[in-house]
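Colleague: I am new to reading protein models, and I would like a close look at a single part of this one. Could you walk me through a helix and its surroundings, step by step?

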Amino acid sequence: VPMTHSEPKEANMSVADVRRHGGSVFVLQNALELVGNTPMVDVSNLSPNPNVRLVAKLESQNPYGSVKDRIAKSMIEDAERTGRLVPGQRILEPSSGNTGIALAAIAKMKGYPITILMPTSVSIERRQMLEVFGADIILTPGEEGSNGAVSRAQEMAAQHPEWCFLYQYANDANPRAHFETTGPEIWRDCPEITHFVAGLGTSGTLMGVGTYLKQQNADIKIIAIEPPLGERVEGLRNLDDGYIPPVFENWHGRDVLDRKRVVRPRESIEWTRRLVQECGIFAGLSSGASLAGAVKVASEIQEGTIVFIVCDGGWKYLSTGAYTADLDEAEANAEKIIYF
């Protein structure tokens, strides 16, 4: 009997949707078509309020392992479309890991050489993954964190105008990827959403998703997770530390955000461990930070549905002891290693 295929009922139906409706899926043309349409999982067993539902958006299911797959694909395709990136041109980008990994993977597929600047304070697995995809790596001082890598990349971009500096912190294709894909997916799969919680890094996820969701329902609350002033939490950013990403300003971040919640390193670790132990979701530490923030929000409202982002999986952090080491030791490590 010859195989038959059912066309999706809607262009943006996910693979899971098609199968749920009794259809089969065409073989995808390449791995880039796997980016997006990530699943959502109910983890309300972690909610402190029985009337508040917690739903995890599993961005760890993207092909290169993180939410940053979306913006890497978006930024490269936008640069190609506008002529900023042409065959054989070198790509330059600062990254604490996930964006760099996704960019390196896509650059390898498309034949672009790429240079990634990253702090020494990232987990060893992140550097190894960049090496797998053939990226040239320039290490910057770990004590300077992500900001140090950004500054050095800006200097190199000025020295090499012939390179393509994508600069995720100011690239409109970053939040636009979330406005066009992540936000619509959440609204499609969980239209009852009342609150959206995500970490504040480049701010692209919060700006893109938040702007889209508020256009659908202005009552949805958008909450950013940030570290305490002067403290490092998995590469998250506190806007009062002195650097405000241009993406945040350009997308009117102060109007989009309804509030910010502070999450400390120990809380991130504790909730990451609960996510894997009680829900079977093996996530990175920044996901625990978002979950911790979502739990705080859940304890303050009477009812609702909170969606939070699971940014990446836990595989890249096994060397840190974050999942099995003594909690005090894991917390001490978290002060030294960028996880996001």
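Modeller: Here is a walk that begins with one helix and then moves outward to other parts of the chain.

Please keep in mind that this is a predicted model. For orientation, the chain contains 12 helices and 10 strands, and 57% of its 340 residues count as buried.

Let us start with α7, which runs over residues 204–216. This helix has 13 residues and reaches 18 Å from its first C-alpha to its last, close to the 18 Å expected at 1.5 Å a residue. Is α7 mostly covered or mostly open? It is mostly covered, with 10 of its 13 residues buried. If you would like to find them in the picture, look for G204, T205, L206, M207, G208, V209, G210, T211, Y212 and L213. Which elements do these buried residues pack against? Among the helices there are α6 (173–189), α8 (246–250) and α9 (253–256). Strands take part too: β7 (195–199), β8 (221–226) and β10 (304–310) also pack against the buried residues of α7.

Helix α11, at residues 285–298, makes a good companion to look at next. It has 14 residues and reaches 20 Å, close to the 20 Å expected. This helix is mostly covered as well: 14 of its 14 residues are buried.

Now move to α2, residues 68–82. Its 15 residues reach 21 Å from first C-alpha to last, close to the expected 21 Å. The buried residues here are K68, D69, R70, I71, A72, S74, M75, I76, D78 and A79, and they pack against β2 (52–58), β3 (91–94), β6 (164–165), α3 and α6. Just after α2 comes G83, with a positive phi of about 85°.

Since α3 is among the partners of α2, let us zoom in on one of its residues. A107 lies in helix α3, and A107 counts as buried because its relative accessibility is 0%, where the cut-off for buried is under 20%. What does A107 touch? Leaving out residues up to four places away in sequence, A107 touches I76, I91, Y112 and I114. Take I91 as an example: it is 16 residues from A107 in sequence, and the two C-alpha atoms are 8.0 Å apart in space.

Helix α3 (residues 98–110) also has a neighbour in α4 (residues 124–132): their axes come within 9 Å and cross at roughly 15°. That angle makes α3 roughly parallel to α4, and the crossing is left-handed. Where they meet, N98, G100, I101 and A104 of α3 face R126, M129 and L130 of α4.

A second helix pair is α10 (residues 265–279) with α12 (residues 327–334), whose axes come within 9 Å and cross at roughly 120°. These two helices are therefore oblique to each other, and their crossing is right-handed. On the α10 side the contact is made by P265, R266, I269, E270 and R273, and on the α12 side by L327, D328, A330, E331 and A334.

Finally, step back to the whole chain. Of the contacts with a separation of 6 or more, 71% are between residues 24 or more positions apart. The accessible surface comes to about 14,200 Å², and carbon and sulfur atoms account for 50% of it.

Technical notes. Residues numbered from 1 in each chain as written. Predicted model: local features only at pLDDT ≥ 70, side-chain atom pairs only at ≥ 80, totals over all residues. Heavy atoms only, no water. Helix = DSSP H or I, 4+ residues; strand = E, 2+ residues; numbered from the N terminus. Expected span 1.5 Å × (residues − 1). Buried < 20%, exposed > 50% of the residue type's maximum accessible area, 1.4 Å probe, protein only. Contact = heavy atoms within 4.5 Å. Areas by Shrake-Rupley, 256 points an atom, 1.4 Å probe, with all protein chains shown as cover. Axes fitted to C-alpha atoms, helices over the stretch in contact; angles between N-to-C directions. Parallel < 35°, antiparallel > 145°, perpendicular 65-115°, else oblique. Left-handed = near helix turned anticlockwise from the far one by under 90°.
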